[in-house]
Amino acid sequence: MIHTTHSETETAAVGRELAATLSAGDVVLLFGDLGAGKTAFVRGLAEGLGVSRDEVSSPTFTLIHEYRGGRLPLLHVDLYRLNDPREIDDLGLDELGNGAVMAIEWAEKLQRRPPEPVRVTIAHVEGDTRMITIER
């Protein structure tokens, strides 16, 4: 499915719609250049799961943020700063995702992809326009 958005709010709305279809253990792999709107999309996911979008910030330096209080916990992972596959393996993402929805930014850095992920690619088209492709 392909969505075209023209603002951060519209990008978040697509994430909110996707959240309604997610269950515990689902993994959302996010692909897109720096500034494409991955964190805005995750804000929408959080909101769709019942977490305040204001709580969501990019975990670039902490690597993983956990948000609770919604219908499912949300784990927001950012692999941007990790370049060694062993560092990524050391995060233990396989074990962390049980009972939660996990959204992973910079998912192209994963050596092993989880089974049956939701793949979200966000492409910056022009100005504030984004093309969001969701594949299941």
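Trp106 is buried, at a relative accessible area of 12%; buried here means under 20%, exposed over 50% and partly exposed in between, using a 1.4 Å probe and protein chains only. Keep in mind that this is a predicted model, where local features need pLDDT of at least 70 and side-chain atom pairs pLDDT 80 or more, while totals for chains, interfaces and linings use all residues. Residues are numbered from 1 along each chain as its sequence is written, and side-chain values use heavy atoms, leaving out hydrogens and water.

**The aromatic pair**

Rings of Phe, Tyr and Trp (its six-membered ring) pair if their centres lie within 6.5 Å, with planes under 30 degrees apart called stacked, over 60 edge-to-face and the rest tilted. By that rule there is one aromatic pair. Tyr80 and Trp106 have ring centres 5.0 Å apart and planes at 50 degrees, so the pair is tilted. Tyr80 sits in the loop between β4 (74-78) and α3 (85-90), and Trp106 in the loop between β5 (101-105) and β6, so the pair ties together parts 26 residues apart in sequence. Tyr80 itself is partly exposed at 36% relative accessibility. Helices (H or I, at least four residues) and strands (E, at least two) are DSSP runs numbered from the N terminus.

**Helix α1 and its neighbours**

Helix α1 covers residues 8-19, and its end C-alpha atoms are 17 Å apart, which agrees with the 16 Å expected for 12 residues at 1.5 Å a residue (1.5 Å times one less than the number of residues). Its buried residues include Thr11, Val14 and Leu18. The buried residues of α1 pack against β1 (2-5), β2 (27-31), α2 (38-48), β6 and β7 (129-135), with contact meaning heavy atoms within 4.5 Å.

**Salt bridges**

The count is four salt bridges, each a side-chain nitrogen of Lys or Arg within 4 Å of a carboxyl oxygen of Asp or Glu. Three of them are listed here.

| Acidic residue | Basic residue | N to O distance |
|---|---|---|
| Glu8 | Arg43 | 3.5 Å |
| Glu47 | Arg16 | 2.5 Å |
| Glu66 | Arg68 | 2.6 Å |

Glu8 in α1 and Arg43 in α2 are 35 residues apart, so to speak of distant parts of the chain being linked is fair. Glu47 is partly exposed at 31%, and Arg16 is partly exposed at 32%. Arg68 counts as exposed at 57% relative accessibility, whereas Glu66 is partly exposed at 43%.
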